[in-house]
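Reader: Could you walk me through this model? I would like to hear the reasoning behind the labels as well as the labels themselves.

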Amino acid sequence: MTTGVPRIETTPATTRRPLSPSRASDFMQCPLLFRFRTIDRLPEVPTRAAVRGTLVHAVLERLFDLPAHERTAEQACAMVEGQWHALLEREPRVAALFPQDPPGTADEEGLAIWLTEARRLLQRYFDLEDPTRLEPAGRELPVEIDLTDGLHLRGIVDRLDVAPGGAMRVVDYKTGRAPSELFESKALFQMRFYALVLWRLRGEVPRQLQLVYLGSGDVLRYAPDEADLLATERKVRALSDAIERNRAAGDWRPKPGRTCTWCDHKALCPSFGGTPPPLPEV
């Protein structure tokens with residue numbers, strides 16, 4: 001049980017925008033990327049890797065709809081095709097990942113290989129956890145809270161486990177490989193963000209943060225404490241303040257780095273000779 005939890009204060013709505021871990025990470029990576037995604041809301045081309053992650057997450061979420069004894073690797077793999085068709089209904093544009101050539105025929109071979117890769121990731125999940133012994137308290141769980149100064153935090157937790165005594169474990173699935181030690185802190189930022197929101201909501205520090213990397217078969221576990229979460233809150237507040245200063249000044253400078261290679265917006269980036277569109281009128 002934690003002690004000395006500062007009192008949660010809520011405030012009326014302000015012009016300060018809500019902040020999620022993904023948008024906070026965007027801003028840290030590149031303020032211009034943050035602008036393109038959050039203010040301009042420019043479309044981005046879905047990739048096979050990203051959509052495969054969405055598909056695997058959907059299967060793992062629905063796996064726990066089954067009775068415990070039916071949560072097997074075979075059942076999970078059998079769910080893949082149905083969840084793919086459900087995803088196509090929700091997001092028809094992902095069909096473009098498997099273009100028709102010649103027209104009127106789908107890339108059936110490419111799709112089959114891609115679905116097999118998704119099943120391989122799901123099979124690896126069963127090497128890392130036994131879902132027959134789990135009864136999650138929440139799946140794809142929205143969490144949000146208003147803190148002081150109009151700071152509104154929100155996110156979606158892949159899975160929340162709660163022990164009979166109330167101890168919480170926050171679980172996030174990743175379909176890529178585990179990061180090197182150099183990038184572990186960046187990977188844990190998202191989890192600390194969720195832990196901060198849950199602490200403020202429930203008055204209890206989550207016992208464990210768990211990142212499950214299906215691409216490499218690794219599990220990264222971390223036990224936060226109050227000092228961790230207070231530091232995270234200071235960091236998140238500083239990020240929010242910086243975002244609002246940039247918003248007021250209309251200053252969204254690019255921050256070139258390795259991730260520029262995969263950016264959908266290079267053609268609009270001054271670092272690559274581009275010109276951003278005019279800022280939308282508020």
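Reader: Where does E140 lie?

Author: E140 lies in strand β1. Please keep in mind that this is a predicted model.

Reader: Why is E140 called partly exposed?

Author: Partly exposed is the class between buried, under 20%, and exposed, over 50%. E140 has a relative accessibility of 28%, so it counts as partly exposed. Its backbone deserves a look too: E140 has a positive phi of about 50° although it is not a glycine.

Reader: Which residue in the loop between α2 and α3 should I look at?

Author: Try R41, which is found in that loop. Phi of R41 is near 55°, again a positive value in a residue other than glycine.

Reader: What makes R41 buried or exposed?

Author: The cut-off for exposed is over 50%. R41 has a relative accessible area of 64%, so R41 is exposed.

Reader: Now the helices, please. Why is α1 called oblique to α2?

Author: Helix α1 (residues 21-29) and α2 pack at an angle of about 140°, with their axes 5 Å apart. Roughly antiparallel would need an angle over 145 degrees, and roughly perpendicular covers 65 to 115. The angle fits neither range, so α1 is oblique to α2.

Reader: Which residues of α1 and α2 meet?

Author: From α1 come R23, D26, F27 and Q29, and they meet P31, L33, F34, R37 and T38 in α2. Sorted by class, this contact has four nonpolar, two polar and three charged residues.

Reader: What is the angle between α3 and α4, and what is that arrangement called?

Author: Helix α3 (residues 48-63) packs against helix α4 (residues 73-90) at about 120°, and their axes are 9 Å apart. The roughly perpendicular range stops at 115 degrees and roughly antiparallel starts over 145, so α3 is oblique to α4. The crossing of α3 past α4 is right-handed.

Reader: How do you know which classes of residue make up the contact of α3 with α4?

Author: Start with the list: V51, T54, L55, A58, V59, R62 and L63 in α3 meet A76, M79, V80, Q83, W84 and L87 in α4. The residues of this contact divide into 10 nonpolar, two polar and one charged. Arg counts as charged, and R62 is one of the residues that α3 brings to the contact.

Reader: What about the loop between α3 and α4, where A68 lies? How far is A68 from T132?

Author: The two are 64 residues apart in sequence, yet their C-alpha atoms are 4.5 Å apart in space. Not counting residues up to four places away in sequence, A68 touches T132 and E135. A68 has a relative accessible area of 23%, which falls between the 20% and 50% cut-offs, so A68 is partly exposed.

Reader: And what makes A137 buried or exposed?

Author: With 53% relative accessibility, A137 is over the 50% limit, so A137 counts as exposed. A137 sits in the loop between α5 (108-128) and β1. Leaving aside neighbours within four places in sequence, A137 is in contact with L160, D161 and V162.

Reader: On to the sheet. What is the order of the strands?

Author: The order is β1-β2-β3-β4-β5, in an open sheet of five strands with mixed pairing. The twist averages 35° from one strand to the next.

Reader: Why is the pairing called mixed?

Author: Take the pairs in turn. β1 (residues 138-146) and β2 run antiparallel and are joined by eight bridges, with I145 opposite L153 in β2. β2 and β3 (residues 168-174) pair in the antiparallel sense over four bridges, and D161 stands opposite R169 in β3. β3 and β4 (residues 208-213), however, pair in the parallel sense over six bridges; V171 has Q210 in β4 as its bridge partner. Both senses occur, and the sheet is described as mixed.

Reader: How do you know that β2 is largely enclosed by the rest of the structure?

Author: Buried means under 20% relative accessible area. Eight of the 11 residues of strand β2 (residues 152-162) are buried, so β2 is largely enclosed.

Reader: Which residues in the hairpins have a positive phi?

Author: In the hairpin of β1 and β2, with five residues between the strands, D149 takes a positive phi near 60°. The hairpin of β2 and β3 also has five residues between its strands, and G166 in that turn has a positive phi of about 105°.

Key
Residues are numbered from 1 along each chain as its sequence is written. This is a predicted model: local features need pLDDT of at least 70, side-chain atom pairs count only at pLDDT 80 or more; totals for chains, interfaces and linings use all residues. Side-chain values use heavy atoms; hydrogens and water are left out. Axes are lines fitted to C-alpha atoms, for helices over the stretch in contact, and angles run from 0 to 180 degrees between N-to-C directions. Helices (H or I, at least four residues) and strands (E, at least two) are DSSP runs, numbered from the N terminus. Angles under 35 degrees count as roughly parallel, over 145 as roughly antiparallel, 65 to 115 as roughly perpendicular and the rest as oblique. A crossing is left-handed if the near helix is turned anticlockwise from the far one by less than a right angle, and right-handed if clockwise. Contact means heavy atoms within 4.5 Å. Buried means under 20% relative accessible area, exposed over 50%, partly exposed in between (1.4 Å probe, protein chains only). Two strands pair if DSSP finds at least two bridges between them.
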